[in-house]
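Student: Before we begin, could you show me the sequence and the model, so that I can put my questions to you one at a time?

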Amino acid sequence: MANNKNKLVIIAGTVLVLVLALVGVTVLLLTEKQTNKELVQEFQLEKEDLENEYTRFAQQYDELKLTVSNDSLSVLLEQEQLKTQRLLEELRTVKSSNAAEIRRLKNELATLRKVMIGYINQIDSLNRLTAHQKEVIAQVTQKYNDASRQISNLSEEKKNLNKKVTLAAQLDATNINIQAVNKRDKVAKKVKDVVKFKIGFTIVKNITAETGERTIYVRITKPDNDVLTKNPSNTFPYENRELGYSIKKYIEYNGEEQNITVYWNVEEYLYAGTYRVDLFADGTLIGSQSFTLD
């Protein structure tokens with residue numbers, strides 16, 4: 001009887017552990033699904049606001065054309081209005097999740113605003129305009145100023161969204177581990193024995209990142225901030241400048257977690273101090289780790 005009771009207790013405990021594990025996995029999946037849903041909703045809101053801005057600009061060209069008696073200027077205004085409407089149609093066909101295309105169309109809108117200011121100044125400088133026309137121009141200018149203030153407020157409100165979009169799409173490296181090894185492929189105890197750096201890291205899972213071939217740049221910096229490199233021409237673009245790299249690694253990224261290891265053969269003089277490894281991908285710093293050689 002005692003053995004049977006013990007078996008029942010063990011079975012009950014096992015079942016409880018399995019149930020708790022199942023609950024944990026379910027909660028994790030629901031949380032990830034909710035996060036993705038919130039991102040999609042934010043992307044859709046960004047697109048809708050941009051569509052409203054384009055629509056307002058197209059309408060303002062209608063009002064501006066009423067104040068013009070110069071045929072050549074009327075033709076130019078018509079062309080700009082058609083361009084605005086064409087960009088609006090492009091925006092309506094763009095998927096809400098296409099952050100790069102939405103960003104491009106947002107930049108196009110900034111250019112349209114500058115062009116409209118130029119036309120407003122031209123129209124205002126024509127002495128033949130009647131008092132009524134000048135009044136209409138003032139109204140259009142006021143509407144433009146109002147729209148600019150709204151856009152400025154919108155830009156501030158959307159700043160966090162842009163950060164979320166950028167962070168959601170970029171790669172991230174964790175578990176960065178650097179080993180200095182000797183010629184026997186063992187961990188070197190002294191800097192003079194180091195013949196190779198073994199650098200391991202993990203690219204984390206990211207279902208919103210673009211899949212396909214990606215290039216990882218590994219930059220090893222000595223204590224004096226000099227970068228270890230085999231060739232001075234080994235550079236990559238980063239924040240409007242060129243940085244030297246130590247190792248370039250191509251990976252095929254599929255959105256899942258991926259463990260990567262790269263090696264640096266030491267052919268230069270090393271000295272004791274703190275070294276640093278920085279990892280870059282798609283023009284972004286995705287991970288850093290320091291290590292010390294004695």
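**Surface, strands and a buried arginine**

Tutor: The protein chain, which is a predicted model, exposes about 18200 Å², and carbon and sulfur atoms supply 52% of that area.

Student: How many helices and how many strands does the protein chain have, and in what order do the elements run?

Tutor: From the N terminus on, the order of the elements is α-α-α-α-β-β-β-β-β-β-β-β-β. Counting along that order agrees with the totals for the protein chain, which are four helices and nine strands.

Student: What share of the contacts between residues at least 6 apart in sequence joins residues at least 24 apart, and what share of the residues counts as buried?

Tutor: Among the contacts in the protein chain that link residues at least 6 apart in sequence, the share joining residues at least 24 apart is 70%. As for burial, the protein chain has 294 residues, and the share of them that counts as buried is 35%.

Student: Which strands pair with strand 2, and how many bridges join each of them to it?

Tutor: Strand 2 covers residues 196-203, and six of its eight residues are buried. Strand 1 (residues 173-181) runs antiparallel to strand 2 and is joined to it by seven bridges, with Thr174 having Thr202 as its bridge partner. Strand 7 (residues 258-265) also runs antiparallel to strand 2, and here Gly200 has Thr261 as its bridge partner. The pairings asked for are therefore, with at least two bridges as the criterion, strand 1 with seven bridges and strand 7 with eight.

Student: Which residues stand opposite Val218 in strand 6 and in strand 8?

Tutor: Strand 3 (residues 212-221) has nine of its 10 residues buried. Seven bridges join strand 3 to strand 6 (residues 247-253), and six join strand 3 to strand 8 (residues 273-281), both pairings being antiparallel. Opposite Val218 stand Ile247 in strand 6 and, in strand 8, Leu279.

Student: Why does Arg219 have no salt bridge, and which backbone oxygen does its side chain reach?

Tutor: Arg219 lies in strand 3 and is buried, and the nearest side chain of opposite charge, that of Asp278, is 4.7 Å away. Because a salt bridge requires a side-chain nitrogen within 4 Å of a carboxyl oxygen, Arg219 has none. Arg219 nevertheless touches several residues beyond four places away in sequence, among them Val227, Leu243, Asp278 and Phe280. The backbone oxygen that its side chain reaches, at 2.7 Å, is that of Gly244.

Key
Residues numbered from 1 in each chain as written. Predicted model: local features only at pLDDT ≥ 70, side-chain atom pairs only at ≥ 80, totals over all residues. Heavy atoms only, no water. Buried < 20%, exposed > 50% of the residue type's maximum accessible area, 1.4 Å probe, protein only. Helix = DSSP H or I, 4+ residues; strand = E, 2+ residues; numbered from the N terminus. Lys, Arg positive; Asp, Glu negative; His and termini not counted. Polar contact = N/O pair within 3.5 Å; in protein donor to acceptor, adjacent residues only side chain to side chain. Contact = heavy atoms within 4.5 Å. Areas by Shrake-Rupley, 256 points an atom, 1.4 Å probe, with all protein chains shown as cover.
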